[in-house]
Amino acid sequence: MTPLLISFSNIHLQYQNGTILTEVIRGIDFVIHQNERLAIVGKSGSGKTSLLMLMAGLEKPTSGQIKYQDQIITSYTEDKLTDFRKKNIGIVFQSFYLIPNYTALENVALSLEINFQKNALSLAKEILIDLGLEDRFQHFPRQLSGGEQQRVAIARAIIKKPELILADEPTGNLDDENAQVITDLIFSVSKKYQKSLCLVTHDMDLAQRCDRIMKIENGTIV
Ligand SMILES: Nc1ncnc2c1ncn2[C@@H]1O[C@H](COP(=O)(O)OP(=O)(O)OP(=O)(O)O)[C@@H](O)[C@H]1O
Ligand SMILES: [Mg+2]
């Protein structure tokens with residue numbers, strides 16, 4: 001087995017809204033190895049997106065420890081977490097969060113520019129061409145269809161070849177043909193560069209392409 005990339009030890013996540021306490025994650029333990037592809041499946045509301053948020057350091061657990069390689073990221077400050085995320089994580093969110101006043105090309109290139117990488121624009125062009133968006137470089141998100149926005153979001157997540165790619169229903173808004181192109185691209189980046197992938201999906205065919213499938217029910221692994 002390759003070395004561990006990320007490990008969750010007894011992770012709990014609760015939200016307190018006024019007097020209402022919602023327990024979203026209830027004591028979860030799991031690991032992802034380097035160059036491993038893990039699918040997370042489960043019903044709506046079971047806690048899948050919450051798990052990705054915890055892996056990305058966008059949410060802090062109420063208790064438990066998350067380790068990334070040999071660093072305990074649950075003890076990081078917000079600044080350190082942001083830095084960690086920029087360097088190591090590429091995320092495709094369920095809602096894409098493209099920057100509205102940046103073009104498709106700028107949205108993708110930004111992901112490299114924040115890490116001070118050179119050739120950001122030409123690399124961004126290459127990946128957008130791969131995704132069939134060669135005529136959409138200068139379009140703003142509002143001028144793109146849902147599926148096109150999703151492809152831009154995927155380009156942005158994988159362009160920097162992060163150690164861990166997190167994808168939340170990455171093919172949810174796409175027709176079969178584009179879904180195939182996108183999944184092939186995500187898997188080929190992951191395999192070619194030996195990067196780990198954690199994929200949330202309702203599509204069992206897609207889940208089967210991963211090395212392992214983890215099912216979540218009501219905040220626990222079943
Ligand atoms: N800020 C919050 N405050 C209270 N409850 C929350 C909050 N965020 C999420 N939840 C609850 O946590 C549970 C898990 O949400 P999560 O988004 O992780 O589900 P999911 O498995 O990704 O669902 P879906 O398949 O619909 O995307 C849901 O019941 C949701 O209502
Ligand atoms: Mg979700």
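Reader: Before we get to the ligand, which residues count as nonpolar, charged or polar here?
Author: Ala, Val, Leu, Ile, Met, Phe, Trp, Tyr, Cys and Pro count as nonpolar, and Asp, Glu, Lys and Arg as charged. The others, Gly among them, are polar. Keep in mind that this is a predicted model.

Reader: OK, so how do the residues of the shell around ligand 1 divide?
Author: There are 10 polar residues, two nonpolar and one charged. That shell has 13 residues.

Reader: Which ones are the closest?
Author: Tyr15, Ser44, Lys48, Thr49 and Ser50 are the closest to ligand 1.

Reader: And which element gives the most to that shell?
Author: Helix H1 does, with three residues. H1 covers 48–55, and strand S1 and strand S2 (20–33) also supply at least two residues each.

Reader: Let's zoom out. How many helices and strands does the protein have?
Author: Its secondary structure comes to seven helices and 10 strands. The radius of gyration is 17 Å, close to the 17 Å that the globule rule gives for 222 residues, so the protein is as compact as a globular protein of that length. Along the principal axes, the C-alpha atoms fill a box of roughly 50 × 45 × 35 Å.

Reader: What share of the residues count as buried?
Author: 41% of the 222 residues do. As for contacts between residues at least 6 apart in sequence, 71% of them join residues at least 24 apart.

Reader: Switching to strands: what does S9 pair with?
Author: Strand S9 (residues 212–217) pairs with strand S3 (residues 37–41) in the parallel sense, over four bridges. In that pairing Val41 stands opposite Lys215. S9 is also joined to strand S10 (residues 220–221) by two bridges, and those two run antiparallel. There, Ile216 stands opposite Ile221.

Reader: What's in the hairpin of S9 and S10?
Author: Two residues lie between the strands, and Asn218 takes a positive phi near 50 degrees in that hairpin.

Reader: Why point out a positive phi?
Author: Because most residues other than glycine have a negative phi.

Reader: Where does Asn10 sit, and what is its phi?
Author: Asn10 is in strand S1 (residues 4–17), and its phi is near 50 degrees, a positive value.

Reader: Is Asn10 buried or exposed?
Author: Asn10 is exposed, because it has 12 other C-beta atoms within 10 Å, and a residue counts as exposed with 12 or fewer.

Reader: What about Glu169? What's its phi, and where is it found?
Author: Phi of Glu169 is near 50 degrees, again a positive value in a residue other than glycine. Glu169 is in the loop between strand S7 (164–168) and helix H6 (176–192). It has 18 C-beta neighbours inside 10 Å, so it counts as partly exposed.

Reader: New topic, Glu59. Where is that one found?
Author: Glu59 is in the loop between H1 and strand S4 (63–68). With 17 C-beta neighbours inside 10 Å, Glu59 counts as partly exposed, because that number falls between the 12 or fewer of an exposed residue and the 20 or more of a buried one.

Reader: Which residues is Glu59 in contact with, leaving aside its neighbours within four places in sequence?
Author: Leu13, Ser50, Met53 and Leu54. Ser50 came up earlier, as one of the closest residues to ligand 1.

Reader: And what separates Glu59 from Ala155?
Author: Their C-alpha atoms are separated by 23 Å, and the two residues are 96 residues apart along the chain.

Technical notes
Residues numbered from 1 in each chain as written. Chains lettered and ligands numbered in written order. Predicted model: local features only at pLDDT ≥ 70, side-chain atom pairs only at ≥ 80, totals over all residues. Near = placed C-beta within 6 Å. Pairing = 2+ DSSP bridges. Contact = placed C-beta atoms within 7 Å. Rg over C-alpha atoms; globule rule 2.2 N^0.38 Å.
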